Amino acid sequence: MIDPRDELIAAASYFYSQRWMVGTAGNLSARLPDGSFWITASGKSKGQLSWDDFVQIYPDGKLESANTDLKPSAETAIHQLIYRLFPKSQACYHVHSIEANLVSNFVTNEVVLLPPLEMLKGLGVWEENPICEMPIFRNHLEVSRIADDIQARFELNPPKIPALLIRNHGVTVWANSLEMARNYIELVEYIFCYMVNTRRIGI
Ligand SMILES: CSC[C@@H](O)[C@@H](O)C(=O)COP(=O)(O)O
Ligand SMILES: [Zn+2]
């Protein structure tokens with residue numbers, strides 16, 4: 001099996017070049033056949049990751065890393081939850097863009113309506129003039145509280161698209177392959193950019 005860290009490094013470097021993973025922002029993970037997953041270590045510059053900048057988390061919560069100083073991403077609890085809620089997911093990507101943060105403030109409620117763009121097909125919504133909402137969650141200092149909120153809402157009301165937005169923070173997507181996860185980030189960021197631009201020109 002190919003080690004997914006190469007693709008995670010390539011994706012992070014691309015997202016960094018798009019200014020969606022500026023500095024240490026964001027985290028990426030990919031699952032392995034034994035149910036464990038590689039996740040970016042906390043506080044690493046996402047534009048220049050190497051194999052040693054990842055931590056492997058096992059289903060029982062145990063972790064393994066190249067050196068004992070490495071801590072798993074502060075947002076590991078969200079990745080663990082996503083893999084539990086959506087067991088077919090093989091990758092979970094989280095980035096911080098300016099547009100995502102602007103869009104998260106377009107509304108004060110728990111969802112934002114997405115424009116009925118053709119691009120939604122790329123996120124699995126094959127409908128004419130779809131009514132498609134992006135779930136929004138409150139940002140808490142304690143990441144476990146964000147994960148608890150996601151679990152409580154998604155267990156009752158699973159989302160139509162494999163994405164969620166944390167207000168004033170960033171977007172998280174999950175997918176059945178690393179390639180799809182990268183596409184989903186690009187698609188949601190395109191949609192956020194479109195939404196910001198429609199506001200800017202007043203349509
Ligand atoms: C630029 S700080 C951003 C962090 O607080 C966090 O939101 C983030 O996405 C990265 O945290 P990390 O622990 O490196 O995975
Ligand atoms: Zn974050």
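Let's start with two working terms: helices (H or I, at least four residues) and strands (E, at least two) are DSSP runs, numbered from the N terminus, and two strands pair if DSSP finds at least two bridges between them. What you're looking at is a predicted model, where local features need pLDDT of at least 70, side-chain atom pairs count only at pLDDT 80 or more, and totals for chains, interfaces and linings use all residues. Residues are numbered from 1 along each chain as its sequence is written, while chains are lettered from A and ligands numbered from 1 in the order in which they are written.

Now for the sheet. Nine strands make up an open sheet with mixed pairing, and going across it you meet them in the order S4-S3-S2-S1-S5-S9-S8-S7-S6. At the edges stand strand S4 (63-65) and strand S6 (111-114); each has a single partner strand, so one side of each is left without a neighbour in the sheet. From one strand to the next, the twist averages 20°. As background, strands of a sheet pair through backbone hydrogen bonds, either parallel or antiparallel.

Pick out strand S5 (91-95) and look at what flanks it. S1 pairs with S5 in the antiparallel sense over four bridges, and one matching pair there is Leu 28 with its bridge partner Tyr 93 in S5. S5 and S9 also run antiparallel, joined by five bridges, with Val 95 standing opposite Val 171 in S9. S5 is mostly covered too: five of its five residues are buried. Here, buried means that 20 or more other C-beta atoms lie within 10 Å of a residue's own; exposed means 12 or fewer, and partly exposed is in between, with C-beta atoms placed from the backbone. Ala 91, Tyr 93 and Val 95 point one way from S5, Cys 92 and His 94 point the other way, and all are buried.

Follow the sheet on from S9 and you reach strand S8 (residues 163-166), which pairs with strand S9 (residues 170-175) in the antiparallel sense over four bridges. Ile 166 has Gly 170 in S9 as its bridge partner. The loop between S8 and S9 is the place of Asn 168, which has a positive phi of about 60° although it is not a glycine. Most residues other than glycine have a negative phi, and most peptide bonds are trans. Asn 168 is partly exposed, with 13 other C-beta atoms within 10 Å. Arg 19 also has a positive phi, of about 65°, and is not a glycine either. You'll find Arg 19 in the loop between helix H1 (5-17) and S1, where it is exposed, with 12 other C-beta atoms within 10 Å.

Next, the helices that lie across the strands. Angles run from 0 to 180 degrees between N-to-C directions, and axes are lines fitted to C-alpha atoms, for helices over the stretch in contact; two residues are in contact if their C-beta atoms, placed from the backbone, lie within 7 Å. Helix H2 (residues 76-85) lies across S1, S2, S3, S5 and S9, running at about 150° to S2. Helix H5 (residues 178-201) lies across S1, S5, S6, S8 and S9, at about 145° to S9.

Which residues are around ligand 1? They are Gly 23, Thr 24, Ala 25, Gly 26, Asn 27, Thr 40, Ser 42, Gly 43, Ser 73, Ala 74, Glu 75 and His 94, where being near the ligand means having a C-beta atom, placed from the backbone, within 6 Å of it.

His 94 is found in strand S5 and, with 27 C-beta neighbours inside 10 Å, counts as buried. Leaving aside neighbours within four places in sequence, His 94 is in contact with Gly 26, Asn 27, Glu 75, Gly 170 and Thr 172. An unreviewed UniProt entry places the feature "binding site" at His 94 and His 96; UniProt positions are given in the numbering used here, feature names are shortened, and annotations may be inferred rather than shown by experiment. His 96 lies in the loop between S5 and helix H3 (98-103) and is buried, with 21 other C-beta atoms within 10 Å. Not counting residues up to four places away in sequence, His 96 touches Trp 20, Ala 25, Gly 26, His 169 and Gly 170.
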